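Trainee: Could we go through this structure together, one short question at a time?

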Amino acid sequence: MLNQYIQELEQDPFDGEEFVERLAWRVNASVSPPGSTDTGFNPDLLHEAFTQAIKDLQLLDERTAKKCERVEAAVKEEEVRHWHNVAQLLDNNREAFQSFQDLDSHINSVATKVVHLGDQLESVNTPRSRAVEAQRLMNHFREFLLPGPLVSEVFTDKTKIYEAADVIQKLHLIAQELPSGKFENAKHKIAEKYDEIERSLIMEFIKAHRAGDKDRMKEIASTLSHFKGYSQCIDAFIEEAQHGALRSRDLYIEVVPLCHRSEVLIREVFTNPEQVMGKFVLNIFQGQLQEYIQVRLDNKSVPEMYLKNLHELYCQTLKLCTDLQRFNLGNDSQFLAKLTKSIFQRHLHSYISVETRYLREKFNLILNRYYEGKGHQKKNIQSGGINDIRRNIQDVIGTKANINIGPAVENYGGETFLSEEVAISLLQETKQAFKRCQMLSTQSDVHNNAVQIFDLLTKALLIEHVDYAIELGLQVIPGGEVRTHPEISFFEVLHQSSSMMNLLDKLFSDTLVPLVISTPKHGDCLQKKKQLGTSLEQKLDLGLDRTLSAIVSYIRHVLTVEQKRTDFKPENDDILITNVTVACQKVVRYVSGIAERIRDSLDGHNLESVLLELGLRFHRIVLDHLMKYEYSATGAMAVICDVNEYRKCVASFKVPQVNSLFDTLHTLCKLLQVSPENLKMVCSGDQLSGLDRTVLASFIQLRSDYKTAKLGHQLK
């Protein structure tokens with residue numbers, strides 16, 4: 001039973017309640033026989049079982065306590081033995097450390113003696129080695145003093161070229177210190193042999209390069225580094241490395257891969273790879289690259305191609321310099337910039353003069369080609385000042401005398417002589433010029449050069465094209481009394497001019513401003529653009545005013561010619577009015593066509609402003625025209641029909657102010673029809689109550705029964 005208790009108590013986790021439940025269950029299970037359904041409860045038996053279990057657990061507790069005491073005693077004994085071993089190990093460590101210090105002192109003592117012995121040996125051996133080397137050089141020098149060819153194996157055996165190079169290099173240095181005279185022949189023979197060996201080494205270096213023998217190349221380069229012709233070895237390497245390379249049509253794409261391949265070999269062969277790599281790049285720039293650039297830029301007879309090539313080559317060269325910065329080319333951080341400047345300096349110095357000359361010619365070509373395509377010969381138009389005064393006098397005299405005293409007006413068939421394609425071409429050329437200017441101009445010149453380009457654009461686009469077209473449009477607009485359909489192409493002139501100004505503004509802000517933003521030139525450019533824009537706007541306003549005046553003048557002429565007095569005071573007052581008058585039909589048809597054309601030509605604020613002004617002037621003309629006639633009852637119906645038609649016509653303007661004016665005019669016309677007893681009531685209606693009484697009176701006076709019906713008393 002104790003074993004069973006031990007197993008249950010060692011369970012993890014241990015649950016005391018569950019332990020008691022199992023114990024009770026075992027007691028009950030032992031009372032009931034197998035298969036029995038009797039579940040009777042025997043408390044005495046359960047009490048007895050619990051009592052026995054408590055005794056067993058107490059016994060188990062005593063055994064466990066004794067076992068723990070034995071284990072603790074064993075652990076204490078083991079701890080004592082362990083600390084004893086640790087003490088012994090500490091003593092051994094102290095002894096070992098002391099032995100190590102003694103050994104280190106002994107080693108230092110021995111090393112000091114060895115160094116001292118080495119110094120003594122070196123002091124003895126160095127003079128001896130120098131003496132042996134001096135004797136060897138003296139023997140070779142004696143051979144150069146003797147007449148005849150050299151017979152020493154060092155100079156005759158080509159396999160000993162490195163030993164010969166070492167000897168001849170030292171003899172050459174010695175010969176430089178010898179006086180002339182009796183040593184002249186020896187010095188001459190040494191110099192010849194020095195040059196011969198140097199050439200041989202360079203040839204061997206070239207052979208090794210071609211054979212791909214890096215070790216031999218490195219050995220020869222190290223030997224030649226003491227010779228005055230070492231630079232020739234580097235030149236030979238560069239020539240061999242670049243042989244057959246850089247031959248494609250686009251030379252730039254080959255440079256970086258070639259430098260990468262060569263740099264690997266340079267680092268393995270030469271002791272000064274930075275200087276060699278710098279000279280390698282220098283040779284590329286001053287050699288094939290410069291030749292490639294000069295060939296493409298040699299012809300300046302076609303400025304467009306020259307500028308395009310210059311910009312493209314300069315950009316490619318700058319990109320190449322950026323790519324080459326990954327290589328170590330020496331200590332000069334401006335090395336690549338100086339190389340680029342040396343190649344392009346002549347072209348960059350004269351860039352802006354070529355640019356401005358090209359733009360001037362290109363702009364003239366674009367404009368002339370456009371006008372020639374239109375079959376138009378540009379005229380020298382004088383405007384402003386005395387010319388405007390003369391035109392105004394001619395208009396006044398012509399209107400009063402009903403004659404045209406001015407020169408014949410040419411209308412050009414409605415042609416505006418403005419082309420958005422021309423404007424886009426000019427702007428595109430300028431945009432490309434600004435890109436070239438930013439890239440090819442120095443930091444101190446870029447803003448001045450950009451202003452020169454902008455001046456050429458404004459002269460070509462705004463003055464020679466837009467301003468010229470506006471002046472032509474002003475000349476086309478008829479003045480004085482207009483008896484035929486006036487040319488109203490000026491609306492298209494306004495629309496196209498505004499579009500071109502918007503395109504110019506976008507180019508100005510997107511391209512020019514970044515080039516001049518931090519300089520005084522920014523304010524100058526803004527002021528000039530503003531002045532030119534103001535001048536053009538004033539002329540456009542003048543053209544709109546003249547165009548609207550011509551339209552209104554023609555409407556007045558149609559009304560005057562086509563309107564009959566019998567339209568509003570027929571001889572037979574019993575006729576039925578079923579349609580508007582002929583004059584009204586023609587005017588409405590004309591005004592509707594004008595409004596449609598205005599909507600096709602203008603948009604936004606310009607459209608609203610022009611339709612408003614046209615509506616106001618149209619209303620004034622109609623009102624003045626109606627005030628000339630006397631109206632019978634039947635004629636009143638006719639004029640109401642006419643005004644209602646005018647009202648429908650201007651409704652398409654979608655201008656509330658104009659609609660209100662014609663609504664009021666339509667109501668005023670009803671005063672011509674209402675019976676005398678209702679006249680006062682109509683005058684006090686919503687639409688007429690706000691009008692001046694004199695206006696109402698003047699309108700009522702137009703009634704044919706004004707005097708007979710004594711209508712004047714109705715308004716008092």
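Mentor: What follows is a set of short questions with worked answers.
This is a predicted model, in which local features need pLDDT of at least 70, side-chain atom pairs count only at pLDDT 80 or more, and totals for chains, interfaces and linings use all residues. Residues are numbered from 1 along each chain as its sequence is written, and side-chain values use heavy atoms, with hydrogens and water left out.

Trainee: How many helices and strands does the protein chain have?
Mentor: Both are DSSP runs, numbered from the N terminus: helices are H or I with at least four residues, strands are E with at least two. On that basis, the strand count is zero and the helix count is 24.

Trainee: What share of the residues in the protein chain is buried?
Mentor: Buried means under 20% relative accessible area, exposed over 50%, and partly exposed in between, with a 1.4 Å probe and protein chains only. Of the 716 residues in the protein chain, the buried share is 38%.

Trainee: How many disulfides does a search of the whole structure find?
Mentor: A disulfide is a covalent bond between the sulfur atoms of two cysteines. Here the test is a pair of cysteine sulfur atoms within 2.5 Å. Cysteine 321 is buried at 6% relative accessibility, and cysteine 669 is buried at 0%. The number of disulfides found is zero.

Trainee: At which residue does H10 bend?
Mentor: Helix H10 covers residues 273-297, 25 residues in all. The expected span is 1.5 Å times one less than the number of residues, so 36 Å is expected, and the end C-alpha atoms agree at 34 Å apart. A bend is the angle between axes fitted to the seven residues ending at a residue and the seven starting there. H10 shows a bend of about 40° at glutamine 290.

Trainee: Why does the pair of phenylalanine 205 and phenylalanine 270 count as tilted?
Mentor: Rings of Phe, Tyr and Trp (its six-membered ring) pair if their centres lie within 6.5 Å; planes under 30 degrees apart are stacked, over 60 edge-to-face, and the rest tilted. The whole structure has 13 aromatic pairs. In this one the centres are 6.0 Å apart, and it is tilted because the planes meet at 50°.

Trainee: Which parts does that pair tie together?
Mentor: Both residues are buried: phenylalanine 205 at 0% relative accessibility, phenylalanine 270 at 4%. They are 65 residues apart in sequence, so the pair ties together helix H6 (residues 184-211) and the loop between helix H9 (252-269) and H10.

Trainee: Which residue has a face that lysine 378 lies over?
Mentor: A charge sits over a ring if NZ of Lys or CZ of Arg is within 6 Å of the ring centre and within 35 degrees of the ring normal. Lysine 378 is at 4.6 Å from the ring centre, over the face of tyrosine 468.

Trainee: Which residues does proline 486 touch, not counting those up to four places away in sequence?
Mentor: Proline 486 sits in the loop between helix H16 (446-476) and helix H17 (490-516). Proline 486 is buried, at 9% relative accessibility. Contact means heavy atoms within 4.5 Å. Its partners are Pro478, Ala550, Ile551, Tyr554 and Tyr590.

Trainee: Is lysine 654 buried or exposed?
Mentor: Lysine 654 lies in the loop between helix H21 (633-651) and helix H22 (656-670). Its phi is positive, about 60°, although it is not a glycine. With a relative accessible area of 72%, lysine 654 is exposed.
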